[in-house]
Amino acid sequence: MVDPSRSSLIRARTTTGERLTERLLLACGLLSVLTTAAIVGVLLLETLEFFSEVSLAQFFGDTQWTPLFADKHFGIWPLVAGTLLTSAIAIAVALPFGLLAAVYLAEFARPGVRRVLKPTLELLAGVPTIVYGYFALVALTPLLQRLIPELAGFNALSPGLAMGIMIIPMISSLSEDAIHAVPRTLREAAYALGASRLQTIFRIVLPTAMSGIAASVVLAVSRAVGETMIVAIAAGQQPRLTADPRVPVETMTAYIVQVGLGDTPTGTLEYRTIFAVGAALFLMTFVINLASQRLARRFRGAYG
Amino acid sequence: MRRALATFCLGVSLGSLGACGPGTTDIVAVDGSSTVYPITEAVAEEFQKGGRGRVTIGVSGTGGGFKKLCKGEVALSGASRPIRPSEVELCKEARIDYIELPVAYDGIAVVVHPDNAWVDHLSVEELRRMWEPAAQDRIKRWSDVREGWPDTELHLFGPGVDSGTYDYFTKAIVGQEHSSRGDFTSSEDDNVLVQGVSTDRGALGFFGFAYYSENADKLRVVPVDGGAGPILPSLQTVADGSYQPLSRPIFIYVSRKEAERGEVAAFVDFYLDSSAELVAEVGYVPLPDPAYALVRRRFAAKTTGSVFGGEGSKVGASVEQTLANG
């Protein structure tokens, strides 16, 4: 039982200072919501203006993207292809390395090794993306050209690899947390049934931690799709509908940068293309995030 | 990058930081083309050493520079093509008269990767076939350009659509200003183009001659046949007008009203006197001496209006002849 006089004392305190604090916190929370709403609003408004001049059929039906030139085409696919290609390369690098690093850190590494290795790995995420961009352009590409002579100076491969390195810590760190959260009892039960260490990890621990791992991968995919600086510097600026990682491509984000830096007058159709591309990008990451939630729910075990 | 540069004032001597733009009386405000910028910068540096005034330089491109000139925001503007009718109109509305002064020649260099062994020269016709709007999504391999060339993918690199160099190239090659295919790597930053062409065996690009001479070890320049046989761009062939149609005069446009101010007049006089020497130093081609004399006379007489343009890029114009006729 709560003493009635004490409970009224608490209420009296809440009415003054704490209510103010509560409001302040609410305002902070609302700020992010409002910002998101404003961004979506502006994006939608300009995108609608864009689609009053360019039909959806052109946008999704054409295979060329040349809005700044004499022969204008508004097919979004070359930009989407560039984005998907670089992101796929990045994930192809980050997923195996990130996941195996997570398994090692969580299951095998001695505490001393782990103390050094984990922060070092996370340091990768702290490197400014412009550094990765120039790393891809002036170090990675010339190196790769020795192995693949027909690789162009601007290509999808090397920024994709750089991006992959960048998002390794995202996957490894979050996955490691998920693996760590799997209770000891499950492992012990597996050992008791005669499973080896590897069997325990790959048949018991990883499936149990799957929702956390999947979430980390989806987060990494979103990051790769939205990454701008690396691809703007090292992938080239040529919209091209291709799956060939050796030739110059342009991603959706790189296109937005290209127009943003030029002298394209505001309010023109050319200018509005960046909002249409931005909206498409937003839609893409939105769908990815939705998919991840579905995925996570499906895989959710008792401990994920 | 342009916008960032435009807000950045260069050549401001110590103690006058923050005093960018007009308003402060003894400052000469300059803006305009990135192609002309290296010349103006060199001239301004020398000018300020003499302590005769201060110069601020922005880089908003040829078009952006004209916009500012016609708003009365700057004393003079650099231009890599003559003024366009729409810009003439803009200045007229604001009652700003301008004095058109050619300061140098620039050749547009067509370059390929140094390992490209098959391109011996390119005719204007072949360049047109590569760059015209109809080439978009059609001319994709070197073998599409000339029979016998390898079946290698063709990767094109060129300046952005806001640049005077792009305007001039399309006018000279395709026949219509601002008309080209859209599926090439276009960048406002000429160094990106150099980087692209120098690391890509299937590449072909074009940009101002100064950027080629700076990177001559990483690129191979292609002779262009404008009808009189293949000609390599060089100081010589650009100056004597034989590198056609890809050599062009570049300009500064001075506001007539601003030219009344002592320091502006002093700066322009200094510009024209030192051009012959400084232009070569930064990698462009000086006008012949008689042409500089005509240009100086034009400024002394404060002759306004344009004899080169009024209609944008003009192909194959000799400065001396045009000035003498105008």
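**Close-up views of a two-chain predicted model**

**Figure 1. An unusual backbone angle at His178(B).** His178(B) sits in chain B, in the loop that runs between α7 (164-174) and β7 (185-187). The model shown here and in the views that follow is predicted. Although His178(B) is not a glycine, its phi is positive, at about 70°. For context, most residues other than glycine have a negative phi.

**Figure 2. The cis peptide bond between Gln244(B) and Pro245(B).** Let us stay with chain B for another backbone feature. The bond joining Gln244(B) to Pro245(B) is cis, with omega at about 5°. Pro245(B) belongs to the loop between α10 (235-239) and β12 (247-255) of chain B. As a reminder, most peptide bonds are trans.

**Figure 3. Where chain A and chain B meet.** Here we turn to the contact between the chains. Chain A brings 25 residues to the contact, and chain B brings 31 residues. The size of an interface is often given as the accessible area lost when the parts come together. Between chain A and chain B the buried area is about 2,300 Å², and carbon and sulfur atoms account for 47% of that area. For the complex, the predictor reports an ipTM of 0.72 together with a pTM of 0.77.

**Figure 4. The salt bridge from Glu153(B) to Arg240(A).** One salt bridge is found across the interface of chain A and chain B. The partners are the side chains of Glu153(B) and Arg240(A), with an N to O distance of 2.6 Å. Between the two chains there are also ten residue pairs in polar contact, counted where both residues have a pLDDT of 80 or more. On the side of chain A that touches chain B, α5 (129-147) and α11 (252-261) each supply at least two residues. The largest share of that side comes from α11(A), with three residues. By residue type, the side of chain A that touches chain B holds eleven nonpolar, eleven polar and three charged residues.

**Figure 5. Phe50(A) and Phe74(A), an edge-to-face pair.** Over all chains, the count of aromatic pairs comes to 28. In the pair shown, the rings of Phe50(A) and Phe74(A) lie 5.9 Å apart, centre to centre, with 75° between their planes. Phe50(A) is part of helix α1 (residues 4-53) of chain A, while Phe74(A) lies in the loop between α2 (56-61) and α3 (77-108). The pair links distant parts of the chain, 24 residues apart.

**Figure 6. A salt bridge between helices α4 and α6 of chain A.** Over all chains, 34 salt bridges are counted. In this view, the closest N and O atoms of Lys118(A) and Glu176(A) are 2.7 Å apart. Lys118(A) lies in helix α4 (residues 111-126) and Glu176(A) in helix α6 (residues 157-180), so the salt bridge ties together parts of chain A that are 58 residues apart in sequence.

**Figure 7. Confidence along chain A and chain B.** Chain A has an average pLDDT of 89, and 92% of its residues score at least 70. Within chain A, confidence is highest in α3(A), at 95, and lowest in α1(A), at a mean of 83. Chain B averages 85, with 90% of its residues at a pLDDT of at least 70. In chain B, strand β9 (residues 220-221) has the highest confidence, at 96, whereas helix α1 (residues 2-6) has the lowest, at a mean of 39. Residues 1-24 of chain B have a pLDDT below 50, and this stretch makes 47 contacts in the model beyond near neighbours in sequence.

Notes
Residues are numbered from 1 along each chain as its sequence is written. Chains are lettered from A and ligands numbered from 1 in the order in which they are written. Side-chain values use heavy atoms; hydrogens and water are left out. pLDDT is the predictor's confidence in each residue, from 0 to 100. Helices (H or I, at least four residues) and strands (E, at least two) are DSSP runs, numbered from the N terminus. Contact means heavy atoms within 4.5 Å. Buried area is the accessible area (1.4 Å probe) that two parts lose on being put together, summed over both. A salt bridge is a side-chain nitrogen of Lys or Arg within 4 Å of a carboxyl oxygen of Asp or Glu. A polar contact is a pair of N or O atoms within 3.5 Å; within protein, one must be able to donate a hydrogen and the other to accept it, and residues adjacent in sequence count only if both atoms are side-chain atoms. Ala, Val, Leu, Ile, Met, Phe, Trp, Tyr, Cys and Pro count as nonpolar, Asp, Glu, Lys and Arg as charged, and the others, Gly among them, as polar. Rings of Phe, Tyr and Trp (its six-membered ring) pair if their centres lie within 6.5 Å; planes under 30 degrees apart count as stacked, over 60 as edge-to-face and the rest as tilted.
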